[in-house]
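Thanks for making the time this morning. I would like to walk through one structure with you, taking the contacts with the nucleic acid and then the contacts between the protein chains.

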There are 2 protein chains.
Amino acid sequence: MKNKDYKILLVDDEADVLDMLEAILTKEKYTVLRIGNGEDALRIAEENKPHLIILDVMMPGLDGIETCKEMKTISSLHKSIIVFLTARGEDFSQIAGFDAGADDYIVKPINPRLLVRRVKALLRRFTYFEDTFDKKIVGDIVIYKEKYMVVHNDEEIILPRKEFELLWLLVSKVNKVFTRHEIFSTIWGQTLSSERTMDVHVRKVREKLKIENIKTVKGVGYKFEV
Amino acid sequence: MKNKDYKILLVDDEADVLDMLEAILTKEKYTVLRIGNGEDALRIAEENKPHLIILDVMMPGLDGIETCKEMKTISSLHKSIIVFLTARGEDFSQIAGFDAGADDYIVKPINPRLLVRRVKALLRRFTYFEDTFDKKIVGDIVIYKEKYMVVHNDEEIILPRKEFELLWLLVSKVNKVFTRHEIFSTIWGQTLSSERTMDVHVRKVREKLKIENIKTVKGVGYKFEV
DNA sequence: TGTTTACATTAAGACAACATTAAGATTTCA
DNA sequence: TGAAATCTTAATGTTGTCTTAATGTAAACA
């Protein structure tokens, strides 16, 4: 697993802290999400299932401790590592932090080299259980959205973006016939000169997955049949 | 599919936990079944095929894990989603739970808002299953617009575009006589040289569906009669 | 009852819609 | 930046759908 495959969520109300953290971590090629308050953080976290969440303790509204507690009740986040960001000397919040279920804390002011090393160490945990991804089982294939990957007959197939999006769309409602227009507007967004582009992508998916599930409905569109 | 169409089975030995869950979920209009132990839960589940089953891990007699494993062997329940109810910190049961085939878990104490959100998210899976399609039942045929498909006597019939559109039009107002002109302009858009084209399509639909419902009204047009 | 009009039936050819392939343009990533 | 992968285009092949036209049948009318 490469750095860019790790998602790190930064939560802080101070934009310059976020800027700094983001700068350091994107330089290391991590995928960084940032948000300015606890409420939004909960939503974003649930949607994105970050591997690591860096939470500032002191925030207006929902503070770090509360946000952390809430996060711990969200089962899809049970594998996410939560780290507090705290000003030096805030002993109390460190203890309350561990109570709330945090895994570690980082002291401000931030030392870039230390931060990177710490993040790296924490993320190493994920090496042990790779399987933290959403999967969707349709017919005899398994689709991993975050990995853009499909497993069929124990074979792992990585699909390029467009091909994967196409498959994902069709599979989002199995047996439904998606019109060519629906597909175009969802995946290409109307502007496309050649009508054939879509056919080619359909072909690629059929070919790579070696499945017969994608059916053509002439004059209408395509469907994924089970 | 509306909330009341979803059946949720609650299994816990503590009545007050059941009370709380039931209160939250019935407020959201879900159809709720409750039961106090694993043995009965198996029977009730098999009889009712709930969409979602919330199982307390710690129960006297058959515990949650065992109940879950048993449920997984009942084929009529293989579409049911199973969620564990677990006290915070019961790490082991979480892992054993996933081993047993659970889809998610919920941590006590229960946060009503989170519970509702979670349940909603989990039930969304049923989007993938058959019965979420809009169907129109006319006479003894069932028409699935999204699938471009008609079912008659357990036989699935796929109609080509024009034929399906014709059927769909007639069926859009059962017993109404659509004039030939109406039909032409709706499906062909005025320009068509041969008057016979329509007859041929009507014939194809009658033939493929093996129904007598499409009646000719001489000098006027056609109707779908029930 | 014959004649007309309107639709039914059939089969074959025209056509539109999609499949396929390969090559060129573009993006991505080391 | 250059190689590799992805995406798009274009040219050509294939197939099922649609249309046409020729002929048959039933109701309506005189």
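**The surface near strand D**

Around DNA strand D, at least two residues of the nearby surface are supplied by each of four helices, namely α7 (161–172) and α9 (196–209) of chain A and α6 (161–172) and α8 (196–209) of chain B. Please keep in mind throughout that this is a predicted model.

There are 25 residues around DNA strand D, and those that come nearest are W188(A), S193(A), K218(A), W188(B) and S193(B). Of the strand D atoms that come within 4 Å of the protein, 78% belong to sugar and phosphate. If we sort that surface by class, we find eight nonpolar, eight polar and nine charged residues.

Looking at individual phosphate contacts, an N or O atom in the side chain of W188(A) is 2.8 Å from a phosphate oxygen of DNA strand D, while for W188(B) a polar side-chain atom lies 2.6 Å from a phosphate oxygen of that strand. The side chain of T197(B) also has an N or O atom 3.5 Å from a phosphate oxygen of strand D.

Turning to the protein chains, 20 residues of chain B are in contact with 20 residues of chain A, and the two chains bury about 1800 Å² between them, with 51% of that on carbon and sulfur atoms. Two salt bridges are counted between chain B and chain A, and one of them joins E146(B) to K176(A), with the closest N and O atoms 3.9 Å apart. On the side of chain B that touches chain A, the elements giving two or more residues are α4 (91–100), β5 (104–108) and α5 (112–123), and by class that side has eight nonpolar, four polar and eight charged residues.

Note on methods
Residues numbered from 1 in each chain as written. Chains lettered and ligands numbered in written order. Predicted model: local features only at pLDDT ≥ 70, side-chain atom pairs only at ≥ 80, totals over all residues. Heavy atoms only, no water. Near = heavy atom within 4 Å. Polar contact = N/O pair within 3.5 Å; in protein donor to acceptor, adjacent residues only side chain to side chain. Nonpolar A, V, L, I, M, F, W, Y, C, P; charged D, E, K, R; others polar. Contact = heavy atoms within 4.5 Å. Buried area = accessible area lost by both parts, 1.4 Å probe. Salt bridge = Lys/Arg side-chain N within 4 Å of Asp/Glu carboxyl O.
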